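The following exercises concern a predicted model. Please work through each task before reading its solution.

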Amino acid sequence: MYMGTTTRNEIIAMEQKAVDRAYDCYAARLAELTGGSVASASASGKDSVANRLAAEERAAAYGGLGNASLVISRVDVQDSPGGEPETWYVGRRAVSDVRTRDTVVVEWTNALAKQWLDALPDAPGEVLLRRRLHCAQRVVEGYADDISVTVPAPRPTADDADPQSAAADSTTDTQQPDKARRPVLTPADLARLQRQKPPQPDDFLLRELQRSRRGSMRDIVETIRRDQMALVTGSPSDILVVQGGPGTGKSAVGLHRVTWLVNNGHFKAQDVLVVGPHQRFLEYVSQVLPTLGTRNVNAVQVTRLWDGEILGTDTPAARMVKSDERMAAVLRRRVEIECRPEAVDEFTTTASYEGAKPELTVTVGSTTLRIPRSEMLSLLEDVRQGDGSYRERRDRFRGLLVDRLLRELVAVAPRRSRDDTIRRDLERNRQVERLIERVWPSPGAREALRTLYDSEDLLRACAEGILDAAEQAAVRRPRADTADADPWTLDDRVCLEELRYLITGETPRRYGHIVVDEAQDLTPMQARSLRRRSAAQGSMTILGDLAQATGPHTHTDWDRLGTLLSDHGDWRVAELNTSYRVPAEIMEFVAPLAHTVAPTLPYPQAVRTAGDDAVRTVATEPWKLLGDTVAQATRLIGTSDGHTLRSVAVIVPDDSGWLDEISRQLDLAEGITEQGREAVSVLAAAQAKGMEYDHVLVVEPATIADRGPAGLRQLYVALTRSTQSLTVLHTSPLPEALTNPDGSATDPAPTEGEPGMADGDVPDIGTDVRVRVTGRAPGGRYRVKALSPAIDVPLVLTVRHGSVPPRPGAVLDCWVFAHETNHCLLTADQRGRQPISPTMAERYVAALGVFDDLTNGDGTIPENARDRLSELKGMANRVLRRDQADWVDVRRVLGSPDKHRLSLLRDLAAHTNRMLKDNDLDLNRLQADLARADWAQALNAAREALQHRRAALGEPQTESAPASVEQPSEQKEAEPVTSEGMPDTPAPATPATPATPAKKLLHSLETAAAADRTCKKHEAVRHALKAALLWADLQPADSPVIDVSRTAEDGHFLYEVLGAGRSTYADLRSGATRLLEINHTLPAPADRLYLVLSEPPAEEWSADTLHGVFGVHVLWRTPDSWGGQDAETALGSGEA
């Protein structure tokens, strides 16, 4: 119902008195906390300093409101029909009258406050009025009623009660205001009045969304939605994953959940860890949590979770391997390989009498103790297969060995064994110490990892069956002179923590509750590490958006991370699908891109519009881009929400010169005040995650999209940072993923040389094509058909901004501009097809030879090396960006590389340049990086081609035609190839009889079985299985092909054992295939087939799936028994 201005002002005045009283009581309570506790401490004779500090800490927590308001809402409730209504105020702190102890403000985390918030307008329950108050600190500026089931009073008349008097009464007794005026309502009255009340727009929320932003967020207590509050107040058990798109408030939910958990006694603030993606998020935490009344929460940037300084950067391939959970299996092998049972033979002797067996001999004084070698090896193997860290098991082995020696001493020298110091003497016995050091040495984490990276043989032994040859090569790295000098990367630090845990059992500090923001970028190894930080019975709140995943592992669902974070325990996903921050126009513009990068995720729905100018796309020329960007930013600078200047962000591609240049131009631009300049941020796309601004300008989206596999997702992040308007400036065509309205655009970051079509059918970039226009295509493009040459792949024409659009049926001469996922992109614009000029050719030749000069010289660094490296990086960039006159010719000279290889070249040149700048060039590392990138030969070929061209041409080529560069042939004359390391022996005179297919299969299976049996864990499980069958009074057998088999009344069973770390579904599928092949070689097939693992399957569903597909049962070893649905039958203790 509409209320007049006077009535509204009167209500605000009444609420102002209530807020004033709340602040007075709040101030009195603060004074009581500081002064009262100190006086009490002094009076009781306690340590007054310690008590004063504790009191000050409590007061600081109770204070800390900053600019936030104390009171956020008013709720009137009626406990029972016919009863008198009660008035309550809800706020950021619990406030009571220090004299009467009456409640003045109920804290928002109180159970009653949640109950009132849960009330629905259509089913208000006991809530008669729910009024949100808009306060600037202690000043009430407005209000909005969510629920109002009372008829508002008319404008005051002479006969009416004085509203000011009523308001005064409410300040005297806040429990029951306006008693005389409020009628007693029945449930039928409440329902009838609610039906009569028209729906009201949520002006309160809209006002909050319209306020100016400055990059970071603030708390949402005043405007929190019901779906958000449900997650804030959810049970803290196990793992809660909050999946939410841009602007859904997931980060705010996580931090408000911290305060709710602390205030409701689930955890102490010191037992909570908040992990954020960058420093700006930590600043947000430091601003928001104190206003909510929570202090002393541990907050850390994710890259600083692990001890040690980050000194290096991994290649994308190396990071992909090091951060994968398979690396944990490699590291476990690296630790276990240190234990050498064969070293026992160095300490054994064999007596000279017939039938004597090797024995360990230990001399204690004049007594010689003997333990059979077989008993020693059995003891060693039992301890190795037990639980605990490497050193814990080592100490256990030492203790058991000493126990065995003591028993031997009791048998041969009973009196000597009663010596009180004998056990200590045995533990310190030099022979025992030497044996322990040789058989079970104790490595350090850093040295273990250094040797793993440095030794090809050691890496192969540890990674066999886990990493392929290319993955092993990716992580290879020579050791520096000292461990401190090694270029430790972020993922190395994570691996070092894993190693410390494996070696010593050391775990980092544990927390009761962990909150992780932007968790979609966690790597599997980081997730394992975070789980180690969770206390027993601890819980986590995981916040993220899979569509914004830009880490090395692009997760398409939460299964992998949820399983790792919960350690295969319980976890659940909750979704936030309403975008409050981002206007509907921007969400609509970005929708095709969102459906491309995350087609299975629900797309957030916006709650508001921002107007026709919310989205602008500005097509410009490369030489005008800088000026246009500054002009567009200047247009937005100085706008405000009526009180505060609006923030402006300019987001540019990573590693681009635009970052500094745009900042410099904005500093020099006329008409921008100091305050206006402070409101502008220029940042790289990678820095935009988690930020929010009023106006956002995104520069060259195609370049951002082209930056590696996560490029499109990074672009999605950049485009969704705005609360008011988005401006996109581009010289290249917008990415198809952004312009295709049906969401069927390209997959994330397609490789340029692999557009999803048969390679033989794809015309090279720069190829001339005559086409006929057949119709329009999405995104302002046109469908065309090739006339000559004949091309079978789909073709799409892009038209330069401002050009006359072609008519259907028109014949055009075009050329291939780019390869996209399912078509080739053509253009009739001749820009980019100029030949390399003589001036640039000279510079390019020098740049192409810089790596050769650095790696093959005498160690002297050329004076112009950095300039040449910059030029080489520029060559790669001009092809990637397609923004220079000669980029097509440069691409041909470089050998027509795809985007991935160009990115490798660009990054290698940039990294080497930085090393030269820091005077920290490592030639060995540079040679290794160059070899991994596989660019040395291509650069030499490109330099030779340019040198040949310069020598052959007396004049520069004409500017009218595209350059025609003869590419050096990549094929070489066929040469005989022999196996590496194979002696060149003559062939026998008589040819051998060719083996039958059955014999070849049998030989292959024998070879595989022999290789498997070199794995100690494989053999331990195999022998444990045989032992279990023997205990069941069955007779196990084996062969060079069969790991274990047995025949009994219930049939013929066949068992194939998989070694350490082989528990993924891919491993199980491979093992099942081999088991079927083994079964195929038998005279009669087995009745049951079992795959036996050394650990539980990595995926819960894999065992059932394997049985359903292959008919193979799965059995696995546990620390003290066997697992698997069919374990009893497999071990002979059940019925088949």
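**Exercise 1. Charges over rings**

Determine over which ring the charged end of Arg-8 sits, and which ring face Arg-901 lies over.

Solution. Step one: the charged end of Arg-8 is placed over the ring of Tyr-143, 4.2 Å from the ring centre. A charge counts as over a ring if CZ of Arg is within 6 Å of the ring centre and within 35 degrees of the ring normal. Step two: Arg-901 lies over the face of Trp-935, with 4.3 Å to the ring centre.

**Exercise 2. An aromatic pair**

Classify the ring pair formed by Phe-817 and Trp-887, and locate both residues in the chain.

Solution. A pair of aromatic rings is described by the distance of the centres and the angle of the planes. Step one: pairing requires centres within 6.5 Å, and planes over 60 degrees apart count as edge-to-face. The count by this rule is 12 aromatic pairs. Step two: for Phe-817 and Trp-887 the centres are 5.7 Å apart and the planes stand at 85 degrees, so the pair is edge-to-face. Step three: Phe-817 belongs to strand β26 (residues 811-820) and Trp-887 to helix α33 (residues 887-893); with these positions 70 residues apart, the pair links distant parts of the chain. Step four: Phe-817 and Trp-887 are both buried. Elsewhere, ring pairs join Tyr-23, Tyr-26 and Tyr-62 into a cluster.

**Exercise 3. The surroundings of Glu-497**

Establish whether Glu-497 is buried or exposed, and which residues it contacts.

Solution. Step one: Glu-497 is part of helix α20 (residues 490-504). Step two: its relative accessible area is 6%, so Glu-497 is buried, the cut-off being under 20%. Step three: leaving aside neighbours within four places in sequence, Glu-497 is in contact with Trp-306, Pro-508, Ser-529, Arg-532 and Arg-533. Step four: the side chains of Glu-497 and Trp-306 are joined by a polar contact of 3.4 Å.

**Exercise 4. A six-stranded sheet**

State the strand order of the open sheet and identify its edge strands.

Solution. Step one: the six strands run in the order β9-β8-β13-β14-β7-β15, with parallel pairing. Step two: β9 (298-301) and β15 (571-576) are the edge strands, each pairing on one side only. Step three: ignoring direction, neighbouring strands of this sheet are turned by 15 degrees against each other on average. Step four: β7 (residues 239-244) pairs with β15 in the parallel sense over six bridges, and Leu-240 stands opposite Arg-572 in β15. Step five: helix α8 (residues 250-263) packs on the sheet, touching strands that include β7 and β14, and its direction makes about 150 degrees with that of β14.

How values were computed. Residues are numbered from 1 along each chain as its sequence is written. This is a predicted model: local features need pLDDT of at least 70, side-chain atom pairs count only at pLDDT 80 or more; totals for chains, interfaces and linings use all residues. Side-chain values use heavy atoms; hydrogens and water are left out. Rings of Phe, Tyr and Trp (its six-membered ring) pair if their centres lie within 6.5 Å; planes under 30 degrees apart count as stacked, over 60 as edge-to-face and the rest as tilted. Helices (H or I, at least four residues) and strands (E, at least two) are DSSP runs, numbered from the N terminus. Buried means under 20% relative accessible area, exposed over 50%, partly exposed in between (1.4 Å probe, protein chains only). Contact means heavy atoms within 4.5 Å. A polar contact is a pair of N or O atoms within 3.5 Å; within protein, one must be able to donate a hydrogen and the other to accept it, and residues adjacent in sequence count only if both atoms are side-chain atoms. Two strands pair if DSSP finds at least two bridges between them. Axes are lines fitted to C-alpha atoms, for helices over the stretch in contact, and angles run from 0 to 180 degrees between N-to-C directions.
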